[in-house]
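Please explain how this protein chain is put together, going step by step through its helices, its strands and the ways in which they pack, for someone who is new to reading structures.

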Amino acid sequence: MTESTRCGFVAIVGRPNVGKSTLLNHILGQKLAITSRKPQTTRHNMLGIKTEGAVQAIYVDTPGLHASAGKALNRQMNKNAQSALKDVDVVIFVLDRLHWTEQDQAVAERLKTLPCPLLLAINKTDRLEDKSRLISHMAFLAGELPKAEILPISALKAEGIAQLERRIGELLPQTAHLFPDDQITDRSSRFIAAERVREKIMRQLGDELPYQVAVQVEEFKQEGKLLHIHALILVERDGQKKIIIGEAGERLKSIGSAARKELEALFESKIMLRLWVKVRSGWSDDERALRSLGYD
Ligand code: GDP
Ligand code: K
Ligand code: MG
């Protein structure tokens with residue numbers, strides 16, 4: 001191809017739960033980032049790569065910028081979010097409808113000083129009760145972030161995403177692609193598997209689940225037609241272990257079967273998924289333990 005190519009990094013930022021991961025999954029056309037109603041579902045920076053014709057957009061799904069950074073886990077997540085903003089070519093700031101909280105304001109303050117183009121995506125417009133207020137809210141946002149382009153979208157219903165992507169393509173620099181055209185992430189299959197198990201835990205447990213749960217894949221091995229995945233679920237306390245395992249192991253079984261189904265589709269293989277729950281107290285406040293789990 002003699003056509004000049006475009007390539008660059010796109011950061012997706014915003015406070016927790018505005019729909020960043022949902023947006024990324026829709027853009028990539030497959031589920032890569034995990035999502036749930038709980039804040040702090042996304043803990044890692046992970047690249048999602050999309051190549052379409054001449055354009056390669058490399059997305060960074062940032063863990064939310066957290067207001068209170070108490071524990072080591074939160075501090076690490078904040079560092080990740082901040083470092084993701086350096087050296088990017090485009091930033092998408094995702095907002096939840098007409099809500100404008102102190103956290104949104106704090107994110108806006110950080111974005112004001114960035115030299116790269118900024119796209120403001122007003123998300124969840126499918127659930128916008130009062131559409132007439134959208135225009136005045138857009139005027140307010142234009143006042144807050146004068147350089148930003150504002151685009152209403154619905155990540156869930158895939159509305160406005162094509163326009164958003166077109167604009168990103170125009171804003172990316174003209175340069176060679178960094179990744180092969182069929183690569184969709186920089187993360188290992190092990191990591192993707194661990195994240196998928198963690199998502200099922202987050203989703204199947206109600207509010208009784210603390211955020212202090214981590215998943216580590218200890219074995220990932222293809223044997224004939226069967227892919228063997230062994231994963232360790234780390235919790236802080238014995239009570240949490242009981243909650244995840246559930247009455248006669250029912251909870252853990254259902255977490256496992258939900259994760260297995262999705263992983264079979266993703267890896268296109270029959271899977272034998274084994275899950276263990278272990279108590280390792282203090283892991284979420286221990287920087288070294290976090291590094292060993294890949295939070296770096
Ligand atoms: P993140 O924390 O910013 O990554 O947010 P998630 O992508 O995990 O989404 C948080 C919640 O908002 C999930 O329950 C999503 O299904 C929901 N959500 C995301 N985008 C939309 C949208 O466009 N419309 C509606 N109605 N819900 C959405
Ligand atoms: K979330
Ligand atoms: Mg997320």
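A residue is called buried if 20 or more other C-beta atoms lie within 10 Å of its own, exposed if 12 or fewer do, and partly exposed in between, the C-beta atoms being placed from the backbone. The model is a predicted one, in which local features need a pLDDT of at least 70 and side-chain atom pairs count only at pLDDT 80 or more, whereas totals for chains, interfaces and linings use all residues. Residues are numbered from 1 along each chain as its sequence is written, and chains are lettered from A and ligands numbered from 1 in the order in which they are written.

The chain holds 9 helices and 9 strands, where helices (H or I, at least four residues) and strands (E, at least two) are DSSP runs numbered from the N terminus. Of its 296 residues, 35% count as buried. Two residues are in contact if their C-beta atoms, placed from the backbone, lie within 7 Å; among the contacts in the chain with a separation of 6 or more, 70% are accounted for by residues 24 or more positions apart.

We can begin with strand E1, which spans residues 6-13 and is mostly covered, since 8 of its 8 residues are buried. Both of its faces are covered, with Arg-6, Gly-8, Val-10 and Ile-12 buried on one side and Cys-7, Phe-9, Ala-11 and Val-13 buried on the other. Two strands pair if DSSP finds at least two bridges between them, and E1 is joined by 4 bridges to strand E4 (residues 90-96), with the two strands running parallel. Within this pairing, Val-13 has Phe-93 of E4 as its bridge partner.

Helix H1 (residues 20-28) has 7 of its 9 residues buried, so it is largely enclosed by the rest of the structure. These buried residues are Lys-20, Ser-21, Thr-22, Leu-23, Leu-24, His-26 and Ile-27. After H1 comes Gly-29, whose phi is positive, near 75°.

Positive phi values also occur in two loops. Most residues other than glycine have a negative phi. Arg-97, however, which lies in the loop between E4 and helix H3 (102-112), has a positive phi near 45° although the residue is not a glycine. Because Arg-97 has 19 C-beta neighbours inside 10 Å, this residue counts as partly exposed. Ala-158, placed in the loop between strand E6 (149-152) and helix H5 (161-171), likewise is not a glycine and has a positive phi, near 55°. With 15 C-beta neighbours inside 10 Å, Ala-158 counts as partly exposed.

Further along the chain, 3 strands form an open sheet in the order E7-E8-E9, and the pairing within this sheet is mixed. Strands E7 (213-223) and E9 (270-279) stand at the edges with a single partner strand each, so one side of each has no neighbour in the sheet. From one strand to the next, the twist averages 15°. What makes the pairing mixed can be followed strand by strand: E7 and E8 run antiparallel and are joined by 10 bridges, while strand E8 (residues 226-235) pairs with E9 in the parallel sense over 10 bridges. In the first of these pairings, Ala-214 has Leu-234 of E8 as its bridge partner. E7 and E8 also form a hairpin with 2 residues between them, and Gly-224 in the turn has a positive phi of about 65°. In the pairing with E9, the bridge partner of His-230 is Arg-274, and that of Ile-233 is Val-277.

Two helices pack on this sheet. H6 lies across E7, E8 and E9, running at about 130° to E7, whereas H8 touches E8 and E9 and makes about 140° with the direction of E9. Axes here are lines fitted to C-alpha atoms, for helices over the stretch in contact, and angles run from 0 to 180 degrees between N-to-C directions.

How do the two helices meet each other? Helix H6 (residues 189-204) and helix H8 (residues 250-267) pack at an angle of about 140°, with their axes 9 Å apart. Angles under 35 degrees count as roughly parallel, over 145 as roughly antiparallel, 65 to 115 as roughly perpendicular and the rest as oblique, and H6 and H8 are therefore oblique to each other. The contact involves Ala-193, Val-197 and Ile-201 among the residues of H6, and Ile-255, Ala-258 and Leu-263 among those of H8.
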